[in-house]
Amino acid sequence: MEDKRKHKRLPLAGDILIRELGGELDAELAEIEITDCSQDGIGFITDKALIIGNNYESNLTLWNKDKIHVFIQIVRASKDGDKFHYGGIFIGMPDAERMRIEVYETVEDELHHVEE
């Protein structure tokens with residue numbers, strides 16, 4: 001099947017802190033498994049129930065321990081047992097942060113070519 005995605009999906013290791021924007025509760029650290037990331041959004045798995053359409057503040061940790069501060073709007077969700085798989089789009093991301101993800105994508109491509 002042909003991949004029609006606008007940007008390549010990247011496996012991103014690291015942690016993510018989820019905080020609902022405008023929420024009354026303090027930030028909560030959630031255990032997250034990031035399944036993919038691109039310049040436009042992120043996919044991740046967690047046991048925390050989030051609300052589709054809500055915006056969350058997050059910190060992504062790249063392979064070099066660099067952190068990117070982003071805002072994510074949850075656009076899809078599915079449940080598998082006691083885990084939730086979410087897809088979210090980045091909102092209001094500055095071009096500088098988007099470029100950092102693009103650099104990560106380039107490095108991943110180069111490493112992949114070297115391994116082959």
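**Exercise 1. Classify phenylalanine 84 by its burial, and examine its aromatic partner.**

Solution. Phenylalanine 84 has a relative accessibility of 18% and therefore counts as buried, since the class of buried residues ends under 20%. The model under study is a predicted one. Phenylalanine 84 forms an aromatic pair with tyrosine 86, with 5.9 Å from centre to centre and 20° between the planes. Planes under 30 degrees apart count as stacked, and the pair of phenylalanine 84 and tyrosine 86 is stacked. The partner, tyrosine 86, has a relative accessibility of 1% and so counts as buried.

**Exercise 2. Determine how many aromatic pairs the whole structure holds, and describe the pair of phenylalanine 44 and tyrosine 86.**

Solution. A search of the whole structure yields two aromatic pairs. A pair of aromatic rings is described by the distance of the centres and the angle of the planes. For phenylalanine 44 and tyrosine 86, the ring centres are 5.6 Å apart and the planes stand at 40°, so this pair is tilted. The next step is to place the two residues along the chain. Phenylalanine 44 belongs to strand β4, whereas tyrosine 86 belongs to strand β7 (residues 83-90); the pair therefore ties together parts that are 42 residues apart in sequence. Both phenylalanine 44 and tyrosine 86 are buried. Finally, Phe44, Phe84 and Tyr86 make up one aromatic cluster.

**Exercise 3. Find the salt bridges of the whole structure and state where each lies.**

Solution. The search of the whole structure returns two salt bridges.

Step 1. Aspartate 40 and arginine 98 meet through their side chains in a salt bridge, at 3.7 Å from N to O. This pair links distant parts of the chain: aspartate 40 sits in the loop between β3 (32-37) and β4, and arginine 98 in helix α1 (residues 95-115), 58 residues apart. Aspartate 40 has a relative accessible area of 29% and is therefore partly exposed. Arginine 98, at 22% relative accessibility, likewise counts as partly exposed.

Step 2. Arginine 100 forms a salt bridge with glutamate 97, and the closest N and O atoms are 2.8 Å apart. Arginine 100 and glutamate 97 are three residues apart in helix α1, so about one helical turn separates them. With a relative accessibility of 24%, arginine 100 counts as partly exposed. Glutamate 97, by contrast, has a relative accessible area of 15% and is therefore buried.

**Exercise 4. Name the members of the patch of negative charge on the surface, and characterise aspartate 47.**

Solution. Glu31, Asp47, Asp80 and Asp82 gather in this surface patch. Aspartate 47 is placed in the loop between β4 (41-46) and β5 (55-61). The relative accessibility of aspartate 47 is 49%, so aspartate 47 counts as partly exposed. The patch requires over 30% relative accessible area, and the 49% of aspartate 47 is in keeping with this requirement.

**Exercise 5. Give the order of the secondary-structure elements and the share of buried residues.**

Solution. The protein comprises one helix and seven strands. Read from the N terminus on, the elements run β-β-β-β-β-β-β-α. Of the 116 residues in the protein, 33% are buried.

**Exercise 6. For threonine 35, glycine 53 and glycine 92, set the separation in sequence against the C-alpha to C-alpha distance to the partner residue.**

Solution. Each residue is treated in turn.

Step 1. Threonine 35 lies in strand β3 and, at 28% relative accessibility, counts as partly exposed. Threonine 35 and tyrosine 86 are 51 residues apart in sequence, while their C-alpha atoms are 9.5 Å apart in space.

Step 2. Glycine 53 occupies the loop between β4 and β5. With 37% relative accessibility, glycine 53 counts as partly exposed. Glycine 53 and isoleucine 74 are separated by 21 residues in sequence and by 5.3 Å in space, C-alpha to C-alpha.

Step 3. Glycine 92 is located in the loop between β7 and α1. The relative accessibility of glycine 92 is 74%, so glycine 92 counts as exposed, the limit for that class being over 50%. Glycine 92 and phenylalanine 71 are 21 residues apart in sequence and 7.0 Å apart in space, C-alpha to C-alpha.

How values were computed. Residues numbered from 1 in each chain as written. Predicted model: local features only at pLDDT ≥ 70, side-chain atom pairs only at ≥ 80, totals over all residues. Heavy atoms only, no water. Patch = residues over 30% accessible without salt bridge, like charges linked within 9 Å, V, L, I, M, F, W, Y side chains within 5 Å. Areas by Shrake-Rupley, 256 points an atom, 1.4 Å probe, with all protein chains shown as cover. Salt bridge = Lys/Arg side-chain N within 4 Å of Asp/Glu carboxyl O. Lys, Arg positive; Asp, Glu negative; His and termini not counted. Charge placed at Lys NZ, Arg CZ, Asp CG, Glu CD. Helix = DSSP H or I, 4+ residues; strand = E, 2+ residues; numbered from the N terminus. Buried < 20%, exposed > 50% of the residue type's maximum accessible area, 1.4 Å probe, protein only. Phe/Tyr/Trp six-rings, centres within 6.5 Å; stacked < 30°, edge-to-face > 60°.
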